Each structure stands twice: as structure tokens, then as C-alpha cells.
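Biologist: Please take a close look at one part of this model, its interior, and describe it for a first-year student. Please explain each technical term when it first appears.

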Amino acid sequence: NAVLINEVSDQGTVDVCNGNDWIELSIPIEEGAPLDLAGFVLHDDNGPNDAYAYTFPSPTSLNPGDYLLLCTKTTDGPQFGIGGSDTVTLLDPSGTLVSTTGPL
């Protein structure tokens, strides 16, 4: 399944995530099957081995056509902040690139 980093807010949004930065993931509806994101890693420019990189717990299921909103700096979300020139990257459990924003 193709998981995409669909949208990123590096300035936060007043009515979303209490104003913290956020990242939205999605799977295109035509992909057809749900995906467990357990073991996938989401990170910023500091890389997947950084203390603030986020490893998805098990189970974290995402269905095609649905969106998963991740609020940063929350107890159950990524701990990294997103700067204006950061790149946000999603890796599968084997370390293979799944999706990236490129520089914001």
C-alpha cells in the first residue's frame, strides 16, 4: 500500500492539535486494503535514529481513503517540531523510503 504524507503544518493551526505542528497521512482509496503502520518511522531532518523520531506503535491501522492526523509534541505523537525548511520522511519497518515532503 502507498502511504502518503498528505499534508504538513509547520506553523500549527489554531483549531487543530492545540496549535502544535501536525502531519497528516493517507492511503489512496484505490489501494484497496488497510495497512498496519506498526514499526514505520516518521522523522524530520535529524533522521530516523534521532531521539525524537516517531515509531508507530502496534496496532496503528490506516484504511484506504482515510486520513491519520498526528499532532507533534503530544504524549502519543511525534516529538519533533517542524521548521520551515525541514523535510518530513516516512520509512517502512525495513528502513525503505515510503513518502517524503522534500524541503518545506
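Modeller: The answer begins with the chain as a whole and then turns to its interior.

This is a predicted model, in which local features need pLDDT of at least 70 and side-chain atom pairs count only at pLDDT 80 or more, while totals for chains, interfaces and linings use all residues. Residues are numbered from 1 along each chain as its sequence is written, and side-chain values use heavy atoms, with hydrogens and water left out.

The chain contains nine strands and zero helices. Both terms refer to DSSP runs numbered from the N terminus: a helix is a run of H or I of at least four residues, and a strand is a run of E of at least two. The radius of gyration of the chain is 13 Å, close to the 13 Å that the globule rule gives for 104 residues, so the chain is as compact as a globular protein of that length. This radius is taken over C-alpha atoms, and the globule rule is 2.2 Å times the number of residues to the power 0.38. The C-alpha trace spans about 35 × 30 × 25 Å along its principal axes.

Of the 104 residues, 41% count as buried. A residue is buried under 20% relative accessible area, exposed over 50% and partly exposed in between, with a 1.4 Å probe and protein chains only. In soluble globular proteins, nonpolar side chains tend to be buried together. A nonpolar core is accordingly defined as a set of buried Ala, Val, Leu, Ile, Met, Phe, Trp, Tyr and Cys residues joined through side-chain atoms within 4.5 Å. The largest such core has 18 residues, and the members that touch the most others are Val-3, Ile-23, Leu-25, Leu-37, Leu-42, Phe-56 and Leu-90. Strand 2 (22–26) and strand 7 (67–71) each supply at least two residues of this core.

Strand 2 deserves attention next. Five of its five residues are buried, so strand 2 is largely enclosed by the rest of the structure. In a regular strand the side chains alternate between the two faces of the sheet. On one side of strand 2 lie Trp-22, Glu-24 and Ser-26, on the other Ile-23 and Leu-25, and both faces are covered. Strand 2 runs antiparallel to strand 1, to which five bridges join it; strands are said to pair if DSSP finds at least two bridges between them. The pairing of strand 2 with strand 7 is likewise antiparallel and has five bridges. Trp-22 has Ser-9 as a bridge partner, and Trp-22 also stands opposite Cys-71 in strand 7.

Cys-71 leads to the disulfide, a pair of cysteine sulfur atoms within 2.5 Å. One disulfide is found in the whole structure, and it joins Cys-17 to Cys-71 with an S to S distance of 1.9 Å. Cys-17 lies in the loop between strand 1 (4–9) and strand 2, whereas Cys-71 is in strand 7, so that distant parts of the chain, 54 residues apart, are linked. The torsion about the S-S bond is about -70 degrees, so the disulfide is left-handed. Cys-17 and Cys-71 are both buried.

Phe-56 is another central member of the core. Its relative accessible area is 3%, and Phe-56 is therefore buried. Contact means heavy atoms within 4.5 Å. Beyond its neighbours within four places in sequence, Phe-56 is in contact with residues including Leu-25, Leu-37, Leu-42 and Leu-90. Aromatic rings of Phe, Tyr and Trp (its six-membered ring) pair if their centres lie within 6.5 Å, and planes under 30 degrees apart count as stacked, over 60 as edge-to-face and the rest as tilted. By this rule there is one aromatic pair. The rings of Tyr-54 and Phe-56 have centres 4.9 Å apart and planes at 75 degrees, so the pair is edge-to-face. Tyr-54 counts as buried, at 12% relative accessibility.

Leu-90, in strand 8 (residues 89–91), is buried at 0% relative accessibility. Not counting residues up to four places away in sequence, Leu-90 touches Val-3, Leu-25, Leu-42 and Phe-56, among others. Strand 8 belongs to an open sheet of four strands in the order 5-4-8-9, with antiparallel pairing. Strand 5 (54–55) and strand 9 (97–100) are the edge strands, each pairing on one side only. Strand 4 (residues 41–43) pairs with strand 5 over two bridges, and Val-41 stands opposite Thr-55.
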